[in-house]
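Morning, everyone. I have one model to walk through today, and I'll keep it short. Please look at the screen.

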Amino acid sequence: MRTKQQLAVKWMLTVVMLILGIACIYPFLFMVSSSFKPSGDVLSTPLQLIPKNFTLRNFDTLFNNQYYDFFRWYWNTIVMTGLTLLLKLLVITITAYGFAKIKFPGRDAIFLVLLAALMIPSDIMIMPRYIIFKQLHILNTMWSLILPAAVDVYFVFLLRQAFVAVPEALSEAARIDGCGHVTIYRRIIFPLCMPQISTMLLFSFVWSWNDYMGPYLYISDINKQMISVGIKLFASGQAQDYGAQMAGTTLVLVPVIFAFFLCQKYFVEGITSGAVKG
Amino acid sequence: MARTAVKAKHKMTRTERMEAATGYLFITPYLIAFVIFTGIPFLSAFALSFTNVKFISKLEGLQFVGLRNFIRFFSSAEALNALWRSCIYSLIYVPVIMVLSFVLAYLLNKGVFWAKGIRSMVFLPYISNMVAVAVVFQLLLGPRGPFYLLQKFFGAEEPVIPLLNQTWALPTVVLIAVWKGMGLNFLTYLGALQGVDVSLVEAASIDGANKWQQIKNVVIPAVAPTTFFLTISSIITSLQNFTVIQSLTDGGPGQATTVMSVNIVNTAFVKYETSYASAQALVMFAIVMVITLIQWRGQKKWADQ
């Protein structure tokens with residue numbers, strides 16, 4: 001009797017949560033299905049998730065129109081995101097290793113200064129950064145997006161914690177065998193902390209891919225623009241072509257959603273461990 | 001004997017020195033980048049606020065002007081209105097996102113079928129591209145869109161187009177921001193709730209506490225540190241809302257959604273008043289600091305009880 005009642009409650013909760021969950025993803029369902037509909041059908045059949053008049057013309061409009069080089073923006077964003085990840089993979093892990101496993105005077109003080117920087121809202125730095133980018137001649141290049149992203153204090157902190165948790169005995173044993181720090185970093189710490197490093201790469205991918213403010217402020221050349229700014233330009237330029245708009249937004253979201261479903265575990269663990277910023 | 005001891009000691013310091021050198025080598029590339037892209041910008045933001053820089057790139061003729069930019073801020077109706085809208089934004093955003101994400105996490109944690117699938121659904125908006133999502137919402141909430149038709153269906157004579165409406169634009173933008181940001185708070189709460197000792201809840205239930213009492217007296221106190229952390233991070237997120245607003249409404253209609261972050265960018269990059277914009281950003285920074293400090297002290301009291 002009791003278990004039957006419990007089961008009923010569980011089903012009821014499931015239904016409620018499922019409705020809320022579907023409400024959360026309805027905009028995405030609408031978007032994807034609309035991208036395969038003729039523009040005229042988009043608003044007249046918002047609940048029809050399987051298009052009746054299936055078409056690929058929207059994607060054709062997206063890539064073959066004389067005003068916007070959507071593919072170029074897409075490609076720029078792929079290159080920018082890729083370089084950001086590479087740089088972070090190298091620099092952040094090495095830095096975290098330095099703070100976690102090597103003793104040197106002033107280490108804790110420097111680390112504290114970095115931690116304090118976590119509280120600085122990025123809005124306050126947008127004007128000075130503009131001036132600095134200009135001085136370094138990286139304004140209007142993707143380096144103005146890549147280099148600041150590489151200074152990600154959150155992940156230096158997160159990875160330092162992970163590296164510290166690796167038992168000292170392991171690196172001690174490697175030392176006795178004559179290994180230097182570079183070898184310990186490459187052969188022991190890096191492979192052992194792959195989960196945390198993957199978490200960093202995933203979130204960095206999402207943030208770089210989705211960044212809007214950076215390209216909006218620092219990139220003025222339309223051919224060097226990123227997809228976030230591009231999709232807004234495209235949508236306001238093709239104001240009446242709803243189908244093409246939805247095809248564009250779908251393509252913007254696909255890589256991130258794909259990454260999410262492939263690596264859900266790292267996303268969820270990254271957050272539930274309390275290590276990821278808002 | 002004494003000589004070897006001295007030698008050993010000397011050798012120790014040399015390896016230590018080597019160790020230290022390696023340490024600096026490991027962190028130097030990062031530190032250089034940090035100083036250039038965070039350290040200097042942060043400090044120059046203060047310097048800029050007290051000068052008269054215009055046209056961002058022209059630093060010649062730079063002059064110290066004292067508090068003039070701040071006085072201008074506090075006597076400008078436009079800036080104060082933006083500040084006020086930011087307050088309204090945060091005052092809606094923070095409570096709504098906190099309550100919603102807690103309730104969703106609590107319900108999911110009670111045990112449902114397909115928990116993982118539902119969890120992903122709630123989380124998905126968090127990682128999506130705000131600008132792309134904004135294009136979708138402009139359609140969904142736009143003229144002839146589903147929301148328009150829904151209002152018609154329920155007999156509204158003049159259906160509202162929320163993002164183009166003076167009164168409704170701001171609350172609508174906030175709710176979309178909540179939808180977008182909720183995944184993070186939701187997952188964090190879920191992690192915290194999974195750490196709550198089940199025996200405590202059971203004990204309360206045996207003592208005759210009803211569901212609401214169990215939640216209020218056992219569960220909510222148990223996740224208080226998480227609530228504290230999420231409240232602060234949500235307040236900060238709520239002030240860094242440039243992308244949300246710029247992509248949905250561009251600060252409009254009129255000035256209806258021109259909050260601080262939008263006003264700062266417009267002042268700097270449209271009106272080219274770099275120093276004045278910097279002063280505004282500094283005011284916002286001060287607000288964030290004060291909130292953090294108040295919360296921090298509150299947290300201490302809270303934890304002591």
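Which helix of chain B holds B:Met284? The answer is α13, residues 274-304. Helices here are DSSP runs of H or I with at least four residues, strands are E runs of at least two, and both are numbered from the N terminus.

Ground rules next. This is a predicted model: local features need pLDDT of at least 70, side-chain atom pairs count only at pLDDT 80 or more, and totals for chains, interfaces and linings use all residues. Residues are numbered from 1 along each chain as its sequence is written, while chains are lettered from A and ligands numbered from 1 in the order in which they are written.

Back to B:Met284. Buried or exposed? B:Met284 counts as buried, because 21 C-beta neighbours lie inside 10 Å. The cut-offs: buried takes 20 or more other C-beta atoms within 10 Å of the residue's own, exposed takes 12 or fewer, partly exposed is in between, and the C-beta atoms are placed from the backbone. What does B:Met284 touch, leaving aside neighbours within four places in sequence? From chain A, A:Pro121 and A:Asp123; from chain B, B:Leu239 and B:Met260. Contact means C-beta atoms, placed from the backbone, within 7 Å. One distance for B:Met284: its C-alpha is 19 Å from that of B:Leu170, 114 residues away along the chain.

Now the interface between the chains. Chain A gives 72 residues to the contact and chain B gives 79. On the chain A side, α1(A) supplies the largest share, 15 residues. That side divides into 50 nonpolar, 14 polar and 8 charged residues. For the classes, nonpolar is Ala, Val, Leu, Ile, Met, Phe, Trp, Tyr, Cys and Pro; charged is Asp, Glu, Lys and Arg; the others, Gly among them, are polar.

On to chain A by itself. It has 15 helices and 0 strands. The radius of gyration is 24 Å, where a compact globule of 278 residues would be near 19 Å. That radius is taken over C-alpha atoms, and the globule rule is 2.2 Å times the number of residues to the power 0.38. The C-alpha trace spans about 70 × 70 × 35 Å along its principal axes. Of the 278 residues, 44% count as buried.

Chain A is assigned domain 1 (2-55) and domain 2 (65-272). Such bounds come from an automatic or database domain assignment. The C-alpha centres of the two domains are 33 Å apart. Their contact takes 9 residues from domain 1 and 7 residues from domain 2. On the domain 1 side, α1 (2-35) and α2 (39-42) each give two or more residues.

One helix deserves a closer look: α10(A), residues 181-192. Its buried residues are A:His181, A:Ile184, A:Tyr185 and A:Ile189. Down the helix axis they fall within an arc of 95 degrees, so they line one face. The arc is that of the directions from the axis to the C-beta atoms. Turned away from that side are A:Arg187 and A:Pro191, both exposed.

Last, confidence. The model scores ipTM 0.87 and pTM 0.87. Chain B averages a pLDDT of 84, with 91% of residues at 70 or above; pLDDT is the predictor's confidence in each residue, from 0 to 100. Residues 1-10 of chain B fall below 50, and that stretch has 0 contacts beyond near neighbours in sequence.

Technical notes: Contact = placed C-beta atoms within 7 Å.
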